[in-house]
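Visitor: I would like to go through the charged side chains of this model one at a time. Please give the reasoning before each answer.

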Amino acid sequence: MQTVFSAVLYDVPQAAGIWLALIAVAAIVIAALIVRPGRFRRVFGDRISEAARPSSLDLAVEVRERSRERARYAQEIEVAAGRAAASAERRRAEWLAVQEEVEQAWQAYEAAERDVRRLAAAAALPLPRTARTPAEYADRERWLHRAATAAQERGEITVEQLSDILGQRGWDSRRHPVEQELLLRRLVRDNVRARHGAVQEREQAAWRAAELAAAAARSLRDEAYAATSPGPERRSPFSIVDLGGAESARELPATPRPEAAPAVRGRAAVPAF
């Protein structure tokens with residue numbers, strides 16, 4: 001009994017020394033974690049990322065697949081951008097053609113307005129006196145019918161307006177030919193002005209369509225350029241884990257927020273592609 005007790009007492013200092021050594025190592029580790037926590041977090045994070053990172057063969061296969069997908073997508077975007085550019089060019093050509101129609105309609109309106117002013121000045125003068133006989137009234141009616149028919153054949157008045165003139169609806173064939181011509185020229189001027197307004201609305205619609213087509217072509221062209229440019233490097237999924245705590249967050253610089261560009265107002269010419 002004394003021998004067993006002596007053996008146990010002999011082993012107690014060794015066990016106490018081992019426990020003291022373990023306690024000292026744990027205290028050193030805890031002190032290091034308290035003093036330099038970021039270093040150990042980075043070490044552990046790197047080891048975890050290294051363990052979770054796929055092999056080089058998997059990375060090569062993934063890179064090859066992504067390159068193939070990017071090339072296919074870039075080709076599709078380039079085709080779409082080419083079609084959009086062609087559509088924008090057609091829209092621009094249509095807008096320019098309607099713009100020419102607007103100019104021609106305006107010139108026709110100015111000519112009609114000059115005719116009205118000239119006839120108005122002539123009608124202000126004393127009209128020659130003629131005998132008011134049935135033959136005179138018949139001549140005036142025939143003159144009005146011929147003038148109205150010629151104006152309709154030139155496209156200056158519509159068929160409905162010609163029917164009103166021939167049917168004496170709102171028209172008096174007994175008036176002097178100067179007065180009748182003045183009324184007829186005013187009708188032509190109003191028609192030309194209405195035609196100019198309709199063409200101008202078409203020109204505005206064509207301009208808006210050309211602007212939208214040009215904007216779509218520019219967007220697809222920028223997207224095609226971005227698709228052909230090299231993409232960002234692949235990042236490990238564990239790289240987004242914040243193992244550095246608040247200290248790593250404080251190290252990141254604040255990115256200034258870009259100011260919004262002022263909106264451009266007004267009308268501009270549609271660019272050619």
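Visitor: Is aspartate 190 buried, partly exposed or exposed?
Guide: This is a predicted model, and aspartate 190 sits in helix α6, which covers residues 177-228. Its relative accessible area is 32%. Buried would need a value under 20% and exposed one over 50%, so aspartate 190 counts as partly exposed.

Visitor: How far apart are the C-alpha atoms of aspartate 190 and isoleucine 157?
Guide: Along the chain, aspartate 190 and isoleucine 157 are 33 residues apart. In space, the separation of their C-alpha atoms is 9.5 Å.

Visitor: What is the N to O distance in the salt bridge of arginine 117 and glutamate 113?
Guide: Both residues belong to helix α3, where they are four residues apart, about one turn of the helix. Side chains of opposite charge can pair when their charged atoms come close. A salt bridge requires a nitrogen-to-oxygen distance within 4 Å. For arginine 117 and glutamate 113 the value is 3.4 Å.

Visitor: Which residue of that pair is buried, arginine 117 or glutamate 113?
Guide: Arginine 117 has a relative accessibility of 58% and counts as exposed. The other partner has 16%, and the cut-off for buried is under 20%. The buried residue is therefore glutamate 113.

Visitor: How many residues apart are glutamate 94 and arginine 91, and what separation in helical turns does this give?
Guide: The two residues form a salt bridge, with their closest N and O atoms 3.7 Å apart. Glutamate 94 is partly exposed at 41%, and arginine 91 is partly exposed at 37%. Both lie in helix α3, residues 56-124. They are three residues apart, which means a separation of about one helical turn.

Visitor: What is the N to O distance between aspartate 164 and arginine 169?
Guide: Aspartate 164 is partly exposed, with a relative accessible area of 29%. Arginine 169 is also partly exposed, at 47%. Their side chains meet in a salt bridge, and its N to O distance is 3.0 Å.

Visitor: Which residues are joined into one network by salt bridges that share partners?
Guide: The structure holds 16 salt bridges. Some of these share partners and so link up into one network. Its members are Glu113, Arg117, Arg189, Asp190 and Arg193.

Key
Residues numbered from 1 in each chain as written. Predicted model: local features only at pLDDT ≥ 70, side-chain atom pairs only at ≥ 80, totals over all residues. Heavy atoms only, no water. Helix = DSSP H or I, 4+ residues; strand = E, 2+ residues; numbered from the N terminus. Buried < 20%, exposed > 50% of the residue type's maximum accessible area, 1.4 Å probe, protein only.
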